[in-house]
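Biologist: Could you walk me through how to read a model like this one? I'd like the general idea first, then the case at hand.

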Amino acid sequence: MAHDTFLELNHIRKEFGAFVALNDINLQIKKGELLALMGRSGSGKSTLLHVIGGLDRDYTGQVRVFGHNLAQLSDVALSHLRNAQIGFVFQSFHLLDHISCVDNVLLPNVFAEKPLPDKIAHEHACHQLQRVGLGDRLKSRPSELSGGQKQRVAIARSLLFSPQLLLCDEPT
């Protein structure tokens with residue numbers, strides 16, 4: 001892996017039974033690069049994002065993120081890497097309707113290996129919600145928001161720790 005390469009995929013193959021979702025995927029992404037994956041529904045875009053982010057470990061080939069071979073990391077080490085350095089915006093947002101927007105944004109801090117102090121974490125969460133235009137909806141619950149607003153809460157949550165890698169699934 002070159003010094004400025006922070007993501008490298010070598011011969012990735014992912015199958016769901018007889019269906020091959022990813023077949024011999026090779027990719028290198030360098031720091032500062034932006035990549036957009038485009039394809040029809042069912043073409044493997046979300047599957048590839050899950051493999052890159054370590055959410056799916058049932059594949060063949062090698063995934064290296066920030067120099068780490070994901071297959072060689074323990075579940076705990078992989079969780080810490082994901083939480084600290086990888087931001088996710090999921091297709092279905094994965095917001096908890098029973099808590100406020102700001103508390104949804106704060107969720108990564110709950111699971112962090114080294115959580116931010118509560119006051120600082122709250123300030124970061126409020127800042128990210130303001131950045132996405134939802135500074136006036138901190139106490140709202142996701143059920144009170146439009147689909148676009150829910151998406152922006154999910155984006156704010158993904159940015160809480162200023163990740164080095166941001167993985168955004170459609171319709172981001």
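Modeller: Sure, and let's begin with pockets. A pocket is an open set of grid points with protein on both sides within 12 Å along at least five of seven lines. Keep in mind that this is a predicted model.

Biologist: Then how much space lies in the largest pocket?

Modeller: About 680 Å³. Its lining counts 25 residues, and Leu34, Leu35, Leu165, Leu166 and Leu167 are the ones nearest its centre.

Biologist: Which elements supply at least two residues of that lining?

Modeller: Strand S1, helix H1 and strand S6 each do. S6 gives the largest share, four residues.

Biologist: And how does a cavity differ from that?

Modeller: In a cavity the probe fits but cannot get out. Searching the whole structure turns up one cavity of 30 Å³ or more, and the largest cavity holds about 40 Å³ of space.

Biologist: Which residues line the largest cavity?

Modeller: Leu49, His50, Phe88, Val89, Phe90, Gln91, Leu167 and Asp169. By element, H1 and S5 are the ones that give two or more residues to this lining. Leu167 also turned up among the residues nearest the centre of the largest pocket.

Biologist: H1 keeps coming back. Is it mostly covered or mostly bare?

Modeller: Buried here means under 20% relative accessible area. H1 is mostly covered, with seven of its eight residues buried: Lys45, Ser46, Thr47, Leu48, Leu49, Val51 and Ile52. The cover over these residues includes S1, S2, S3, S5 and S6. Just past the end of H1, glycine 54 has a positive phi of about 75°.

Biologist: What should I keep in mind about directions along a helix?

Modeller: An α-helix has 3.6 residues a turn, so residues three or four places apart point the same way. Now take helix H3, residues 101-110, which is mostly covered too: seven of its 10 residues are buried. Those are Cys101, Val102, Asn104, Val105, Leu106, Pro108 and Asn109. Among the elements covering them are H2, helix H4 (118-131) and helix H5 (147-158).

Biologist: Where do nonpolar side chains tend to be?

Modeller: In soluble globular proteins they tend to be buried together. Here the largest nonpolar core has 23 residues, and Val63, Val65, Leu70 and Leu165 touch the most other members. S1, strand S2 (19-30), helix H1 (45-52), S3, helix H2 (75-85), strand S5 (86-89) and strand S6 (165-168) each contribute at least two residues to this core.

Biologist: What is valine 63 in contact with, leaving aside neighbours within four places in sequence?

Modeller: Glu8, Leu9, Ile12, Val51, Ile52, His68, Asn69 and Leu70. Apart from the 23-residue core lies another one of 19 residues, including Cys101, Cys126, Leu129 and Leu138.

Biologist: On to the rings. How many aromatic pairs does the structure hold?

Modeller: Two. Ring planes under 30 degrees apart count as stacked. Phenylalanine 6 and phenylalanine 66 have ring centres 5.7 Å apart and planes at 15°, so they are stacked. This pair links distant parts of the chain, 60 residues apart: phenylalanine 6 sits in strand S1 (residues 5-16), while phenylalanine 66 is in the loop between strand S3 (60-65) and strand S4 (68-69). Both of these phenylalanines are buried.

Biologist: What about the rings of phenylalanine 88 and phenylalanine 90?

Modeller: Their centres are 5.4 Å apart and their planes lie at 5°, so that pair is stacked as well. Phenylalanine 88 counts as buried because its relative accessibility is 12%. You've met both residues already, as Phe88 and Phe90 in the lining of the largest cavity.

Biologist: And which residue lies over the face of phenylalanine 16?

Modeller: Lysine 14, at 4.7 Å from the ring centre.

Biologist: Last one, backbone angles. Which residue in strand S2 should I look at?

Modeller: Aspartate 24, which is found in S2. Its phi is positive, about 55°, although it is not a glycine. With a relative accessible area of 43%, aspartate 24 is partly exposed. Then check serine 162, in the loop between H5 and S6. Its phi is also positive, near 50°, and it too is a residue other than glycine. Serine 162 counts as exposed, because its relative accessibility is 57%.

Note on methods: Residues numbered from 1 in each chain as written. Predicted model: local features only at pLDDT ≥ 70, side-chain atom pairs only at ≥ 80, totals over all residues. Heavy atoms only, no water. Phe/Tyr/Trp six-rings, centres within 6.5 Å; stacked < 30°, edge-to-face > 60°. Buried < 20%, exposed > 50% of the residue type's maximum accessible area, 1.4 Å probe, protein only. Lys NZ or Arg CZ within 6 Å of the ring centre and 35° of its normal. Core = buried A, V, L, I, M, F, W, Y, C linked by side-chain atoms within 4.5 Å. Contact = heavy atoms within 4.5 Å. 1 Å grid on protein atoms, 1.4 Å probe; cavity = no way out; pocket = protein on both sides within 12 Å on 5 of 7 lines; lining within 4 Å. Points joined across faces, edges and corners; volume = space filled by probe spheres on them.
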